[in-house]
Amino acid sequence: MNAVIPLHLADAGCADAPVLRERGQREVFCGLTGIIWLHRKIQDAFFLVVGSRTCAHLIQSAAGVMIFAEPRFATAIIDERDLAGLADANEELDRVVSRLLERRPDIRLLFLVGSCPSEVIKLDLSRAAQRLSQRFLPSVRVLNYSGSGIETTFTQGEDACLAALVPELPELPESPTQAPQLLVVGTLADVVEDQFRRLFSAMGLQVNFFPPRNSQALPAVGPGTRLLLAQPFLGDTARALEGRGAQRVAAPFPLGVEGSTAWFEAAAQVMGVPPERVAQALAAPQERARQALARHAQALGGRSIFFFPDSQLEVPIARFLARELGMRLLEVGTPYLHRQHLAQELAWLPEGTPLSEGQDVERQIERCRAARPDIVVCGLGLANPLESEGLTTKWSIELVFTPIQGFEQAADLAELFARPLLRRQLLAA
Ligand code: SF4
């Protein structure tokens, strides 16, 4: 296994590296996809997409073949009569929502999710949400956000959803004697959240998570909040929380041993936990993770990888694969490069890593063909054509659906890349 290169203040990596910016045709999923992991997390929420049959199919296929006794997302279909202006879409929406809430008293938070069709007919979902909230509060809160696919990428759905929830968070009372409160922001699988809670608790820290599992338990926010991002695609949410006074903790993301260690250390430092206590709390999981990762180092070390922009997780994952597993980064493409939130990650990327932001898909495919990487990370739409050209691919959407954060998941993250390479080897044998 490759030794982890410690970060020194002098490390610049790709902090100031030039970035190829492309603004051409894009091959990405829309923000509706976020509903798949958000509905699992907030267990009393319901996501009602106001969209077309295409939107309904997209969510269904992203969700895979799931049979729900009581599904927690659905699509209110905008049909030809709505599009032609023959029906009052607001009246229809009110009727659909009333029927839904009558049938489902378990729903406490309802999101009206905008789509391309609802935007085309200029249906004002924020007014609809206000109107419906007035009618159904206190039992149901109705909010809205847009999951529309125009010029977005699929993880932006979570950002838009959480940003819509920020104004609903209670105020954290200001007091000079009150210690700061730590808030981890970004959807994490429950198993990861439980592990993180245990590790913070071993350091003597109480922590809140946003989004919470229950919409009735929204964390308070204010100037005493220290916000620790768990996902790199939450620019709007972080801005909204900062607007409420929260202060962001600068940290890399909790991917791999190195990223997870630095993430916990950054939070602990801001919260005044002595370094020895942090080291003690992290020692055992770090050791387990290093041992588990060693299994994959041989399969991945020296192999080359090319990232198409899709999930916005590309930079931290590339950093993990390069530094902890010795992979060679041929291009790291990301839909948006948030320099501030990714500052530590960029500094950790090997110097000279080609970076690109946005997409001109044809040109990028040409670069990928020329580079002949051992593995390509891309969206579903590009995977099959690239596989048919003999390239090995990994769907970027899996990186969001799979628990990958933290020490216990570091080897699972490595395995996501090792498995397709092994499969290709077996096919070639
Ligand atoms: S891109 Fe637009 S029309 Fe297509 S599924 Fe997404 S919101 Fe619906």
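Let's start with one pair of strands. Strand 13, residues 375-378, pairs with strand 14 in the parallel sense, over three bridges. Look at one of those contacts: V376 has T393 in strand 14 as its bridge partner. Before I go on, a reminder. What you see is a predicted model.

Now widen the view. Which sheet do these strands belong to? Six strands form an open sheet, in the order 1-12-11-10-13-14, and the pairing is parallel. At the edges stand strand 1, residues 19-23, and strand 14, residues 393-395. Each has a single partner strand, so one side of each is left without a neighbour in the sheet. On average, neighbouring strands here are turned by 20° against each other, direction ignored.

What packs on this sheet? Helix 12, residues 314-325, does, and it touches strand 10 (304-307) and strand 11 (328-334). The direction of helix 12 makes about 170° with that of strand 11. Then there is helix 17, residues 410-428. Helix 17 lies across strand 13 and strand 14, and runs at about 140° to strand 14.

Stay in this region for one residue, D374. Where is D374? It is in the loop between helix 14 (361-371) and strand 13. Is D374 buried or exposed? Neither: D374 is partly exposed, because it has 19 other C-beta atoms within 10 Å, and buried begins at 20. Leaving aside neighbours within four places in sequence, D374 is in contact with R303, S304, I305, T392 and L421. Here is a distance to check on screen. D374 and L330 are 44 residues apart along the chain, and their C-alpha atoms are separated by 9.9 Å.

Next, the other sheet. This open sheet has four strands, in the order 3-2-4-5, with parallel pairing. Its edge strands are strand 3 (73-77) and strand 5 (141-146), and each pairs on one side only. The average turn between neighbouring strands is 25°, direction ignored. Inside the sheet, strand 2 (residues 45-51) and strand 4 (residues 109-114) pair in the parallel sense over five bridges. Find F46: it stands opposite L110 in strand 4. Helix 6, residues 125-136, packs on this sheet and touches strand 2, strand 4 and strand 5. The direction of helix 6 makes about 170° with that of strand 5.

On to the ligand. What surrounds it? The list is C30, L32, G51, S52, T54, C55, L58, S115, C116, G147, S148 and G149. Which helix gives the most to this shell? Helix 2, residues 53-63, with three residues. By type, the shell divides into five nonpolar residues, seven polar and no charged.

Now helix 9, residues 235-243. Here T237, A238, A240 and L241 are buried. They cover an arc of only 160° around the axis, which puts them on the same side of helix 9. What do those buried residues pack against? Helix 7 (156-165), strand 6 (181-185), strand 8 (225-229) and strand 9 (247-248). After helix 9 comes G245, whose phi is positive, near 105°.

Last stop: Q181, which lies in strand 6. Why does Q181 count as buried? Because it has 20 C-beta neighbours inside 10 Å. Not counting residues up to four places away in sequence, Q181 touches L172, N208, G224, T225 and R226. And one more distance. The C-alpha atoms of Q181 and L125 are separated by 34 Å, with their positions 56 residues apart along the chain.

Terms used
Residues are numbered from 1 along each chain as its sequence is written. This is a predicted model: local features need pLDDT of at least 70, side-chain atom pairs count only at pLDDT 80 or more; totals for chains, interfaces and linings use all residues. A residue is near a molecule or strand if its C-beta atom, placed from the backbone, lies within 6 Å of it. Helices (H or I, at least four residues) and strands (E, at least two) are DSSP runs, numbered from the N terminus. Ala, Val, Leu, Ile, Met, Phe, Trp, Tyr, Cys and Pro count as nonpolar, Asp, Glu, Lys and Arg as charged, and the others, Gly among them, as polar. A residue is buried if 20 or more other C-beta atoms lie within 10 Å of its own, exposed if 12 or fewer, and partly exposed in between; C-beta atoms are placed from the backbone. The arc is that of the directions from the helix axis to the C-beta atoms. Two residues are in contact if their C-beta atoms, placed from the backbone, lie within 7 Å. Two strands pair if DSSP finds at least two bridges between them. Axes are lines fitted to C-alpha atoms, for helices over the stretch in contact, and angles run from 0 to 180 degrees between N-to-C directions.
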